[in-house]
Amino acid sequence: MKNLGFYNGKIDELENMQVPMLDRACYFGDGVYDASYANNHTIFALQDHLNRFYNSARLLNIKIPYEKEELQDLLISLVKKVDSPTQFVYWQVSRGTGIRNHIYSDDMVGNLWVMITPKALTDPNKEMSVVTMEDTRFFHNNIKAINLIPAVMYSTDAHNHGYDECILHRGKDRVTECAHSNVSILKDGVFITAPCDEYILPGIARKHLLEACRALNIHYEEKVYSLQELLDADEIIVSSSTHICKRVNKINNKPCGGKDLNTFKKLQDYVFNEFYDYTNANRID
C-alpha cells in the first residue's frame, strides 16, 4: 500500500477512509494521540510512545479499546503493509461515538484511528530559524490531546514569516516548549531543559536526550529557565519525533548559538546512532 488508514478495524488507503460524523473527535477534538517514525519498517521507541499514549488517555478518562500489548502488535503489523520503509506513524483514540453532548457516559469506549504515510527523515544537519511567541495555551499541555488549534496557529504564523518553528514562553520568566517540539539549551557545558509539568509535553526525543547526557557524562538540569537565558544560551536544541535533535542558528532573525558545537554534536550523534541501531538500518545523513 502507498499509505494506510485504520479505523476500528477497517483498513484502506487514506483517500478511501471515512469516519462517522458522531465521533467525538469531529466536534470536540475529544481524544489523544501519539506518533513516531518508522525506519526499515520498525517503529522507533514504540514502548515510550505507547506509555505516553496510555497515560494521556488515563488523564482524560478515555477508554482505549486495546490493551497496550495488543496495540503494539497491531502497529507493528500495520507498518509492514506500507511500501515505503520510512514512514510517519500516527495513532489516536477519540473518546467514542455519540450525539453531541458535553457530558459523556462513563461506559463510552474509544475509537482507534491509525494513519501511516511515507516520510523521509529530516536532515539532522539542517539548522533551524525560530521565533519566540507568548504561550497562551491551557494548563494541560502534558496531555497529548488532539485539540491542536493553538499549535496550528503558532506553526502557520511562524511558517508564513519564514521561520521553521516558534518557541513559546509564559511571560519572560518561563520558556515552555515549541509549537510541536521540545526546546532545550546548552550553557557552560550543561544541558538544561524545562521540567515535565502541566506546561510542557514529556517528549520522547527529550527523554532520549537526557539518556544521552547520562551515557556521555554531560551534566543536565531539568529546571525552569527564562527567555533571556534562552537568548544567551551557548546552543539551542529543538527535539521531537520528526526533529530528533536539531540546532537553532537564528532566533527572532538574529544569529544565536555556535558556542558549544562539540557538546551538541556529541548529543546529536548519540541519539541518531541510537535511532539507526534500534531500526537496524545504516545511517544516511
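Me: Buried means under 20% relative accessible area, exposed means over 50%, and partly exposed lies in between (1.4 Å probe, protein chains only). What percentage of the 285 residues in the protein is buried?

Reply: This is a predicted model, in which local features need pLDDT of at least 70 and side-chain atom pairs count only at pLDDT 80 or more, while totals for chains, interfaces and linings use all residues. Residues are numbered from 1 along each chain as its sequence is written, and side-chain values use heavy atoms, with hydrogens and water left out. Of the 285 residues in the protein, the buried share is 51%.

Me: Thanks! What radius of gyration does the protein have?

Reply: The radius is taken over C-alpha atoms, and the globule rule is 2.2 Å times the number of residues to the power 0.38. Those C-alpha atoms fill a box of roughly 55 × 45 × 35 Å along the principal axes. For 285 residues, a compact globule would come out near 19 Å, and the protein agrees with that at 19 Å.

Me: How many strands are there in the protein?

Reply: Helices (H or I, at least four residues) and strands (E, at least two) are DSSP runs numbered from the N terminus. Alongside seven helices, the number of strands is 15.

Me: On to charges: how many salt bridges does the structure hold?

Reply: Side chains of opposite charge can pair when their charged atoms come close. A salt bridge here is a side-chain nitrogen of Lys or Arg within 4 Å of a carboxyl oxygen of Asp or Glu. By that rule, the count for the structure is 18.

Me: Which residue does Arg137 meet in a salt bridge?

Reply: Arg137 and its partner come to 2.8 Å, N to O. Arg137 lies in the loop between β7 (128-134) and α4 (149-160) and the partner in strand β9 (residues 174-178), so the pair ties together parts that are 40 residues apart in sequence. Both residues are buried, and a network of salt bridges links them with Asp135 and Arg170. The partner is Glu177.

Me: Which residue forms a salt bridge with Arg247?

Reply: The closest N and O atoms of this pair are 2.7 Å apart. Arg247 is in strand β14 (residues 246-251) and its partner in strand β13 (residues 235-239), 12 residues apart. Arg247 counts as buried because its relative accessible area is 8%, and the partner is buried at 0%. That partner is Glu235.

Me: Asp260 is buried yet has no salt bridge. Which side chain of opposite charge is nearest to Asp260?

Reply: Asp260 sits in the loop between β15 (254-255) and α7 (261-278). Not counting residues up to four places away in sequence, Asp260 touches Leu186, Gly189, Asp234 and Glu235 (contact means heavy atoms within 4.5 Å). Lys and Arg count as positive and Asp and Glu as negative, with His and the chain ends not counted. At 7.9 Å, the nearest side chain of opposite charge is Lys266.

Me: Last one: is Gln268 buried or exposed?

Reply: Gln268 lies in helix α7. Leaving aside neighbours within four places in sequence, Gln268 is in contact with Pro124, Asn125 and Cys245. The C-alpha atoms of Gln268 and Ile244 are separated by 8.1 Å, although the two are 24 residues apart along the chain. Because its relative accessibility is 2%, Gln268 counts as buried.
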